[in-house]
Amino acid sequence: MGGKVTCTLGEVKNRADFIVYWGGNPAECHPRHFTKYTLMQKSKFLPRGRKDRTVVLVDIRETKSAKAADHFLQVRPGKDFELLTILRALIKDQKVSEEQVAETGLSLEVLKDLIEKMKAAKFGVMFFGMGLSMTRGKHMNAAALLTLAAEMNAFTKFVAMPMRGHGNVTGADVIMRWQTGYPFGISLNRGYPRYNPGEFSTVDVLVRGDTDCAFIIGADPGATMPKPAIDHLAKVPTIVLDPHVTHTSRLSRVHITTAPAGIAAPGTGYRMDEVPMPLKPALQSPYPSDEEVVRRIRETIALRPDWMTNQPQMIEAQI
Amino acid sequence: MSEVILRLKQDPVVTLEAEVITPDKFAEMSHEQICESIVYHGKRQLRLDEFFEVEGEKSEHIVLHGDMHRVRHLGRAMTMGSLTAHGDVGMHLGAHMKGGEICIRGNAGDWVGAEMSGGKIHVRGEAGQQVGAAYRGSLAGMKGGIIIVDGSAGIEVGMRMKRGTIFIRGSVKDFAGLQMIGGTIILGEGAEIRTGAWMQRGTIISLKPIDLMPTFGESGVMNPTFISVYSNLLKPHGCELPNDQNLGCYRRFSGDRSVPGKGEILIWQEHALN
C-alpha cells in the first residue's frame with residue numbers, strides 16, 4: 001500500500017492543472033472548494049485560471065458538480081476499486097480488454113484518454129470523498145486511489161487528498177498522529193500505543209460490545225453508527241461533550257454542554273490538507289470549552305490514588 | 001499425557017488479553033505459577049485464576065473450556081505442543097505462531113494465525129477477518145504452516161501472505177488473497193468479490209466458480225500435477241482437491257495486472273455431463 005502522497009491546498013491553488021474529484025460532490029458539500037482552491041483561482045503557474053485547468057469528476061451519478069467539470073465519468077456503483085485497479089494496470093501499459101473495462105460502466109477508450117491527460121499534466125491532484133471511502137471495500141478503495149496517485153509519480157507530479165468534512169476530523173487525526181504515531185484505532189491499555197483498525201476502531205469496539213464506558217467529544221455516533229453500536233452506547237455509561245443535544249446525548253448518562261469551538265471557544269482547527277488554523281471566538285458562551293471540561297476531569301482523576309501498581313508489560317513478539 | 005485444563009469461570013466484561021496462555025510458557029510453569037500469571041482485563045492486570053479454573057501443571061498441552069470470544073492472543077508465538085479450545089475464542093489466535101497445533105471446536109475471531117510461520121491451526125467453526133494476514137503496516141503475512149477453517153471466513157483472508165497454506169471449507173468474503181506474495185489459498189465454497197486483488201505471486205484455488213477482478217486474464221485450462229501432490233499432503237488434514245481430468249479441469253487466470261503480478265487463480269470446473 002502506498003501511504004499518502006499529498007500536499008497543501010495552497011499548492012493545489014497555485015500549481016494543479018489536472019484535478020480529479022472521485023466519489024464526492026464538492027459543489028454542494030464543499031461549496032467554497034472550487035472557488036478558493038481548485039478551479040477559479042489564477043496563479044503564477046496558471047495565469048488563465050480555469051482555462052489552464054482540467055477537471056474530471058468520477059461519481060456514480062450526475063451531481064451538480066458535474067456541470068463544473070470538463071469530463072464526467074459515471075462509474076457503476078461499487079466498481080470504484082475495479083476502475084482504480086484497471087487504471088493502475090493501464091498506466092503500466094498492461095493489457096485490459098474492452099469487456100473487462102465494460103463492467104465498470106466505462107469504455108477502454110475513455111480510460112485511455114483519461115490516462116493520456118493524467119500523464120500529460122504537470123501537477124495532478126485527486127480528491128476523494130465518502131462515495132469512495134464509505135462504500136463496499138472501504139479502506140481498500142481509498143488505498144487504491146492513493147496507490148494510483150503514488151504510482152502516477154513515475155510519470156508526473158501527482159498527489160491525493162481526502163475531502164474531509166464534519167468540523168475538525170482532520171485535527172483529531174493529526175493530533176493522534178503526533179502524540180502516538182497513529183491516526184486512529186489506537187489502544188493504550190498496555191501502556192504504549194497499539195494500532196489496529198478493525199480491532200481498536202470505535203465502531204468495531206462498540207459493535208462487539210468490548211467496552212464498559214464511552215466518552216464522546218464533539219461527535220454524534222448515535223446518529224451515524226450501526227444499530228448494535230448504538231444499543232451498546234445506551235447500555236454502558238456514556239458521557240457526551242457537545243454544544244447541542246444530539247442523538248447520542250439522548251442515550252447517554254451524562255451530557256455536558258460545552259461552548260461551540262470556533263464560535264465561542266478558541267482553539268486550533270485543521271483544514272482538510274492538515275494546515276492548522278487558529279480559531280478566534282466571536283461570541284461569549286456561559287459554557288466551558290471541551291478542553292476545559294477534559295482538563296478538569298483529568299485533574300480530578302489525578303487526585304485519586306494510583307490503582308496501577310505494576311507497569312503494564314509489552315506483548316511479546318509485537319510488531 | 002498430562003494436560004493443563006483451563007475452564008472459564010467468569011466472563012470478561014471487556015477484552016481479556018491472555019498471551020500467557022501458550023504451551024511454551026505453561027510447559028515450564030507450576031500450578032501456582034500458572035494461577036498467578038498476569039492477564040490484562042482491559043487495562044487491569046489480574047491473575048489468570050480470577051477468570052479460569054486451572055487444573056494441571058508443567059504441560060505443553062492446553063485444553064480450554066468456555067465461551068472465550070473476548071479472550072485474545074491465545075497461543076501467541078507458540079513453538080510446540082498443542083492448544084485445544086472447546087468454545088469460541090477471540091482475536092489473534094495463534095498469531096506469530098512458529099510450531100505446534102491449535103484446534104478450536106467453536107468459532108474464532110479476526111487475525112487467526114496472523115503472521116504465523118509454522119504449525120497448524122484448525123478452526124472447526126467459523127473464522128473472522130484477516131485469516132493468516134499481515135498486520136497493518138507489515139509487509140508480509142503468514143510465512144508458513146497451515147490454517148484450516150471448516151466454516152466460513154471474513155474479508156482479507158491471507159492478506160500479503162508469503163508462504164504456507166490456508167484452506168477455507170466454507171465461503172469467504174471480499175479481498176481473499178489481497179496483495180498476496182506467495183503461498184496457497186484454497187477456497188472450498190468460493191468467495192465474494194475481489195479475490196486475488198493486487199496479488200504478486202502465489203496460488204488461489206477455488207473449487208466453486210468465483211467473480212474475478214477485471215485485471216486478471218484467462219490463460220488456459222489445466223490439470224496441474226502439483227494439485228495431486230497438494231491433495232496427498234492435505235489428505236491427513238481432511239481436505240481433498242479434485243484433479244481427475246475425466247471429471248473436470250482447472251481454469252487458470254493470471255494477474256493481478258495492476259501490480260503487475262504473476263499470481264494465479266485456479267477455478268475448478270467440472271465437465272458438462274454428456
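The centres of domain 1 and domain 2 of chain A, taken over C-alpha atoms, are separated by 32 Å in this predicted model. The bounds come from an automatic or database domain assignment, and the table lists them for both chains.

| Chain | Domain 1 | Domain 2 | Distance between C-alpha centres |
|---|---|---|---|
| A | residues 9-162 | residues 169-303 | 32 Å |
| B | residues 1-65 | residues 91-270 | 32 Å |

Residues are numbered from 1 along each chain as its sequence is written, and chains are lettered from A and ligands numbered from 1 in the order in which they are written. Because the model is predicted, local features need pLDDT of at least 70 and side-chain atom pairs count only at pLDDT 80 or more, while totals for chains, interfaces and linings use all residues.

Chain B contains three helices and 17 strands; helices (H or I, at least four residues) and strands (E, at least two) are DSSP runs, numbered from the N terminus. Its C-alpha atoms fill a box of roughly 65 × 35 × 25 Å along the principal axes. The radius of gyration of chain B is 20 Å, which agrees with the value near 19 Å for a compact globule of 274 residues; this radius is taken over C-alpha atoms, and the globule rule is 2.2 Å times the number of residues to the power 0.38. Of the 274 residues of chain B, 53% are buried, that is, 20 or more other C-beta atoms, placed from the backbone, lie within 10 Å of their own.

The contact between the chains takes 30 residues from chain A and 29 residues from chain B, two residues being in contact if their C-beta atoms, placed from the backbone, lie within 7 Å. On the side of chain A that touches chain B, α5 (80-91) and α6 (98-102) of chain A each give two or more residues, and α5(A) gives the most, with six residues.

The largest nonpolar core has 125 residues, and Leu145(A) and Leu187(B) have the most contacts inside it. Such a core is a set of buried Ala, Val, Leu, Ile, Met, Phe, Trp, Tyr and Cys residues joined through C-beta atoms within 7 Å. Helix α9 (residues 139-152) of chain A gives the most to this core, with nine residues. Apart from the largest core lies another, of ten residues, including Phe200(A) and Leu233(A).

Helix α15 (residues 290-303) of chain A is hardly covered, with one buried residue among its 14 residues.

Notes:
Buried ≥ 20, exposed ≤ 12 C-beta atoms within 10 Å, placed from the backbone.
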